[in-house]
Amino acid sequence: MSTNVGAVVQAPTKARTGKFKKSLKRYPLVYLGALIIVIMALLAILAPWISPHSPIATFNNALSEQGIPVGPSREFLLGADGNGRDVLSRVLWGGRISLLIGLLSMIINLVVGTVLGLIAGVFGGWVDALVMRITDTVLAFPFLLFALALVAILGSSLWNILLTIGILGWGVMARVVRGQVLQVRELEYVQAARALGATEWRIMFRIVLPNVFGPVIVLSTLQVGANILAAAGLSYLGMGIQPPTPDWGGMIQDGLTTYTYAPWEMYSAGIALVITVVGFNMLGDGLRDILDPQSATRQ
Amino acid sequence: MGAYIIRRIGQAIIVLIGISIIAFLLLYAVPADPARIIAGPHATPDVVNQIRINLGLNLPIWEQYLKYMGNLLHGNLGTSYIFHTSVMSQISSRMGPTAELALGCWIMELIIGIPLGIYTARHANKVRDVVISALALIGISLPVYWLGLLLLFAFGFKIQIFPLGGTGGIYYLILPSITYGITGAAYYMRLLKSTMLDVMNQDYVRTARAKGASERRVIYRHVLRNALIPVITFAGIDIGTLLAGVVLIEETFNWNGMGMLAYQAIGNQDIPVIMGTVLLLAVFVVLFNLIVDIVYGFVDPRIRYD
Amino acid sequence: MAQGTPLLEVQGLKKYFPIKRGVFRHTVGHVRAVDGVDFTLRAGETLGVVGESGCGKSTMGRSVLRLIEPSAGNVIFEGKDVTKLSKSQMRAMRREMQLVFQDPYASLNPRNTIAQTLMEPMQIHNIGTRSSQMERVRSLLDRVGLDPEYANRYPHEFSGGQRQRIGIARALTLNPKLIILDEPVAALDVSVQSQVLNLLDDLQEDFNLTYIFVAHDLSVVRHISDRIMVMYLGNMAESADSDELFIDPLHPYTQALLSAVPIPDPDAKRERIILQGDLPSPANPPSGCPFHTRCPMAMDVCKREKPVWKEVKPNHQVACHLY
């Protein structure tokens, strides 16, 4: 008998991984997106070891006698910025900040949005109405402007930036989770579990949560990209990460002054930013195709 | 329908009150001392205190809020800390340019997005579709200010066909609109493509084909008409997204609108101006969502009973 | 339980769903899905409940189990009023009364294997160890005519009939006394229907089960039911022993339903009664007898007065002014 129990426990996981691999092969977006993210993450994590220079050190030989930054060369692979710093090192280090803010603020979005969405969907009635009005309120804020004002008032530390983005950006997540909960609760097998005497908690954790999982993963992935863009936007407007700490949005702002004669800083930072965000958007779209086969056939 | 509209308006008002409370609390209560900011670092405590009393900052926060809201009902958004002029007059002079910009950006999204949506739907799963879809993915991943700067450099500086920023007529509007259009069009394209593919599988479209209607007629008369409804809905909601990020375009293109006003006010910690712009932009967002919902209620009676 | 004592007594069961309208979503009326149902069921018996879709028969079944909270009435199971139980008492009570769903596709969780689905009831009620639960799963599968080796498969790997067997096995897991069968064969192919009906019949004998069999088709319930109750618009129209109802249907509505049942004898002649008009809305039921708008024998009194429920022949009740 014990061998049979073992079979019962193992078989589903095996069957699932088999199916998972097959679907991954059908959806190259997931592979490509994940690959981009892994590469960008590795570059960011390894920045202290692979950067050719310190990201904040200024080098005399990086500026010409007229103060013009040198272009890409053997010493400065992506050229130098207006202060004589190595652009490549700053791009590598800047990835750390962007990914950190993107991921951590997404986690705040995720926790707040999921918890509120679940509460609204599960309890219903006036609790639902209240939570949804709060969600509408958060969604109606002019996001970037308000984040800008908050960071300006609170001070632009890393924590303030990611808290602000995290706390203003959970609205869509809450709506999606709530919608999914309402949909799942109407399913007949939920009724079946209730008829068997399952508690609402059991239904919540065994049935509702696994069903909410898929859309939440898709949304979280897309949210990382969106949050990275938002944080870079704050830096671009001068209210984000403060120089000399390297940050892509700040580098784009910084590169503006030297753009017409030394455009490499702006190109490098912008391209790094775009590649990272493309990675997350690709992965998110790809996962959506897998989890929602109907939308996949449309693509 | 009447009850639905009234209920929806009621919800919108609740949301607006919620926005005003949250914005007021965060903007007025969180900073340690607005009076100190106004007076500057070298002012004597007496001066700071006097400013505090003049501005009513010594009152409890809820009393300040009620006073603010009372004034708001009379169209008074307070006085700028820095310029000592009415916030309302400052904002109203900037509303026109922002509306112009938003409209330009929005139209450009549609001009780029809708034809591409139709094109990719008609050629779904062919190489051109895959290429355009990949470009669309890059489009939505572009930071609008970075793209704006590249376009400014290319078409304002190198090839001088557009101005290097500034507020004005159509001539000044084209480049920022194209910039925003490129980053936003992909959403319209994807939405239209997927709804068109849905509609193309409907029986009435098959019937039209079976009757021998030309492909052109099928697409434009039967498919597009029905596929555009969700696109129109999205367009209404999209205005909100646009206004929420308008500050980035205005700053990049030096466009003298509400975003710029707010941006400068944020730099000056001029809280009444920040509060006024945030509130007004939120009003527009809520208003467009409301219009979309009401229009949708007319189109699809089912949602009224939600 | 000795024959003769009732297992289940349902008295004045009602379920009204509020209709909410207007700005403040106030209640402007009620959908009378179940508008007063009484019956008594002895252990080992089967009650067939028949009516058109929308007549409230499914709502009635689910109200008995309190999957839908009844608005009024008592449901007395083995002497205990189920409607008065607390939530946790009700959960314990669910071991005794189970439900089989109409749609064998929607009622099984697609993410769970058959073993997981069948073990769930035992996990919920903390019965047995993992290996004894698995033993039970295998014997249940065997009992409903499925290979126990299928335990590790997912629902999508089965046909509709096989899925319904799984649904029945799930209902049996906890050894219930009462099972409510909510159109258990309506979604199946005709060829599979009789197999499942036979299985239900066998199971009833083996485990002394009591059934409430909800169906929209009289022919389906005929052989399995001891008694049949015909419902119309949330009200009881007629109730009689199964054979009696087929031999001597009293209510014009029952007669109409019966005329639609095919007869295997090609020489038998019977007039087909076709009802005029649609089923009225239970939100706004007709005055008097709810059936008068479609009744071929409607009289003036039918529009004014609601017929009382009366025993016209021994063990044969009807609500109709004709009697």
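This text walks through a predicted model, from a sheet in chain C to the nonpolar cores and the cysteines. Local features need pLDDT of at least 70, side-chain atom pairs count only at pLDDT 80 or more, and totals for chains, interfaces and linings use all residues. Side-chain values use heavy atoms, without hydrogens and water; residues are numbered from 1 along each chain as its sequence is written, and chains are lettered from A in the order in which they are written.

Start with the sheet in chain C. Helices (H or I, at least four residues) and strands (E, at least two) are DSSP runs, numbered from the N terminus. Two strands pair if DSSP finds at least two bridges between them. Strands of a sheet pair through backbone hydrogen bonds, either parallel or antiparallel. Here four strands of chain C form an open sheet in the order β2-β1-β4-β5, with antiparallel pairing. Its edges are β2 (26-42) and β5 of chain C, each of which pairs on one side only.

Now look inside the sheet. Five bridges link β1 (residues 6-21) of chain C to β4 (residues 72-77) of chain C, in the antiparallel sense. Two residue pairs mark the register: K14(C) stands opposite A72(C), and E9(C) stands opposite I76(C). On β4(C) follows β5 (residues 80-81) of chain C, joined to it by two bridges and antiparallel. There F77(C) stands opposite K80(C). This hairpin has two residues between the strands, and E78(C) takes a positive phi near 50°.

Chain C also holds helix α1 (residues 57-64). Seven of its eight residues are buried, where buried means under 20% relative accessible area, exposed over 50%, and partly exposed in between (1.4 Å probe, protein chains only). Charged side chains are among them: K57(C) and R62(C) are both on the buried list. R66(C) follows α1(C) and has a positive phi, near 60°.

Turn to chain A. An unreviewed UniProt entry annotates "transmembrane region" at several spans, including residues 97-126 and 161-177 of chain A. UniProt positions are given in the numbering used here, feature names are shortened, and annotations may be inferred rather than shown by experiment. In the model, residues 97-126 of chain A are 97% helix and 0% strand, with end C-alpha atoms 41 Å apart. Residues 161-177 of chain A are 88% helix and 0% strand, and their end C-alpha atoms lie 25 Å apart.

Next come the cores. A nonpolar core is a set of buried Ala, Val, Leu, Ile, Met, Phe, Trp, Tyr and Cys residues joined through side-chain atoms within 4.5 Å. The largest has 124 residues; I252(A), L273(A), L27(B) and Y145(B) have the most contacts inside it. Domain 1 (2-73) and domain 2 (94-299) of chain B both give residues to this core, so it lies between them; the bounds come from an automatic or database domain assignment. Another core, apart from it, has 54 residues, including L141(C) and V261(C). Beyond four places in sequence, L273(A) is in contact (heavy atoms within 4.5 Å) with residues including W248(A), P143(B) and Y145(B).

Finish with the cysteines. A disulfide is a pair of cysteine sulfur atoms within 2.5 Å. The count over all chains is zero. Why is C289(C) unbonded? Its closest cysteine sulfur, in C302(C), is 5.8 Å away, too far for a bond. C289(C) is buried, at 10% relative accessible area. C320(C) is in no disulfide either, with the sulfur of C295(C) 6.2 Å away. C320(C) is buried too, at 8%.
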